[in-house]
Amino acid sequence: YLEYFKSGQIQTNGEYIAGLRNGDYNEFWENGGKKFVGTYSMGKKNGEHLSLNEDEKIFKRETFLDDSLHGMRINYWEGGAVKDSGLFSNGKAINEHLFYYLDGQLQYKFSNDSTGNVISQENYDKNNNLSSLFKFQDNHIVQMKLYGSTGELSQIVDYSTYLGNDYERIRLFKSGMLYSDSGGMDGWEY
């Protein structure tokens, strides 16, 4: 199957069975460069899929199995550096997912269990110092640690009870002062 731009340049080419993409499938920019390369099986994405800019530089690389992300997904900044990367299993994020600043330094990291639940999130500043750490249980925050500009721990917040939108919060400051309250997250300053 071929589809063309008005200019006569090929826009898409691919194989179809019973109206479903099946086999190699390609999309092109009007300048002739590749825009997308992937493989389908009876309409479902399978294997590696690449998305490219007009200069044919890859900006997204994904792996699929039966139309679900399964394997690595990598997004790239315009200059080619990795923007973020992570592993998927049956459409769910597993293991670590890393996100980078344009200069290549780590910006934040999510850790997920084998079922896709978030376990933790680490955030880093431009100086590569840990600025905050969140721990999760059942996809709800159970602890937050905040760090100062030089990486020193400034406070810990434990969320010991989660009921709907209400939390019991226990805050421990670097000074050793303890603070506890309960209620919703709205209006609570860190």
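**View 1. Arg61 and Glu48 form a salt bridge between two strands**. In this predicted model, Arg61 counts as partly exposed, with a relative accessibility of 25%. Glu48 is likewise partly exposed, at 39% relative accessibility. The side chains of these two residues meet in a salt bridge, with a nitrogen-to-oxygen distance of 3.2 Å. Because Glu48 belongs to strand E5 (residues 44-52) and Arg61 to strand E6 (residues 58-65), the pair ties together parts of the chain that are 13 residues apart in sequence. By the rule applied here, the count for the structure comes to 3 salt bridges, and the next view turns to Lys109.

**View 2. Glu96, Lys109 and Glu122 are joined by salt bridges into one network**. The side chains of Glu96 and Lys109 meet in a salt bridge, at 3.6 Å from N to O. Glu96 lies in strand E9 (residues 92-100) and Lys109 in strand E10 (residues 106-112), so this salt bridge ties together parts that are 13 residues apart in sequence. Lys109 also forms a salt bridge with Glu122, and here the closest N and O atoms are 3.6 Å apart. Glu122 is found in strand E11 (residues 118-124) and Lys109 in strand E10, so this pair, too, ties together parts that are 13 residues apart in sequence. Which of these residues are buried? Glu122 is buried, and so is Lys109, the latter with a relative accessibility of 16%. Glu96, by contrast, is partly exposed, with a relative accessible area of 41%.

**View 3. Phe99 and Tyr108 form a stacked aromatic pair**. A search of the whole structure finds 6 aromatic pairs, and one of them is made by Phe99 and Tyr108, whose ring centres are 4.5 Å apart and whose planes stand at 15 degrees to each other. This pair counts as stacked because the angle between the planes is under 30 degrees. Phe99 is buried, with a relative accessible area of 17%, whereas Tyr108 counts as partly exposed, at 24% relative accessibility.

**View 4. Aromatic rings form a cluster, and charged side-chain ends lie over rings**. Tyr25, Phe36 and Tyr40 form one aromatic cluster. Over the face of Tyr40 lies Arg21, at 5.1 Å from the ring centre. In another such arrangement, the charged end of Lys35 sits over the ring of Trp29, at 4.6 Å from the centre of that ring.

**View 5. Met42 and Asn95 each have a positive phi**. Most residues other than glycine have a negative phi, and that is the background against which this view can be read. Met42 is not a glycine, and yet its phi is positive, at about 50 degrees. Where does Met42 lie? The place of Met42 is in the loop between strand E4 (34-41) and strand E5. Met42 is partly exposed, with a relative accessible area of 40%. Asn95, also a residue other than glycine, has a positive phi near 60 degrees, but the place of Asn95 is in strand E9. Asn95 is partly exposed, with a relative accessible area of 43%.

**View 6. Strands E12 and E13 pair in a hairpin**. Strand E12 (residues 130-137) and strand E13 (residues 140-147) pair in the antiparallel sense, over 6 bridges. Leu133 can serve as a point of reference in following the pairing, and the bridge partner of Leu133 in E13 is Lys145. The hairpin has 2 residues between the strands, and within the hairpin Asp138 takes a positive phi near 50 degrees.

**View 7. Three strands supply residues to the largest nonpolar core**. Phe134, Phe136, Met144, Leu146, Val157 and Tyr159 make up this core, 6 residues in all. Strands E12, E13 and E14 (153-163) each supply at least two residues of the core, and the paired strands of the previous view are thus met again here. In soluble globular proteins, nonpolar side chains tend to be buried together.

**View 8. The chain as a whole has 16 strands and 0 helices**. Buried residues make up 34% of the 190 residues in the chain. Among contacts between residues at least 6 apart in sequence, 5% join residues that are at least 24 apart.

Note on methods
Residues are numbered from 1 along each chain as its sequence is written. This is a predicted model: local features need pLDDT of at least 70, side-chain atom pairs count only at pLDDT 80 or more; totals for chains, interfaces and linings use all residues. Side-chain values use heavy atoms; hydrogens and water are left out. Two strands pair if DSSP finds at least two bridges between them. Helices (H or I, at least four residues) and strands (E, at least two) are DSSP runs, numbered from the N terminus. Rings of Phe, Tyr and Trp (its six-membered ring) pair if their centres lie within 6.5 Å; planes under 30 degrees apart count as stacked, over 60 as edge-to-face and the rest as tilted. Buried means under 20% relative accessible area, exposed over 50%, partly exposed in between (1.4 Å probe, protein chains only). A charge sits over a ring if NZ of Lys or CZ of Arg is within 6 Å of the ring centre and within 35 degrees of the ring normal. A salt bridge is a side-chain nitrogen of Lys or Arg within 4 Å of a carboxyl oxygen of Asp or Glu. A nonpolar core is a set of buried Ala, Val, Leu, Ile, Met, Phe, Trp, Tyr and Cys residues joined through side-chain atoms within 4.5 Å. Contact means heavy atoms within 4.5 Å.
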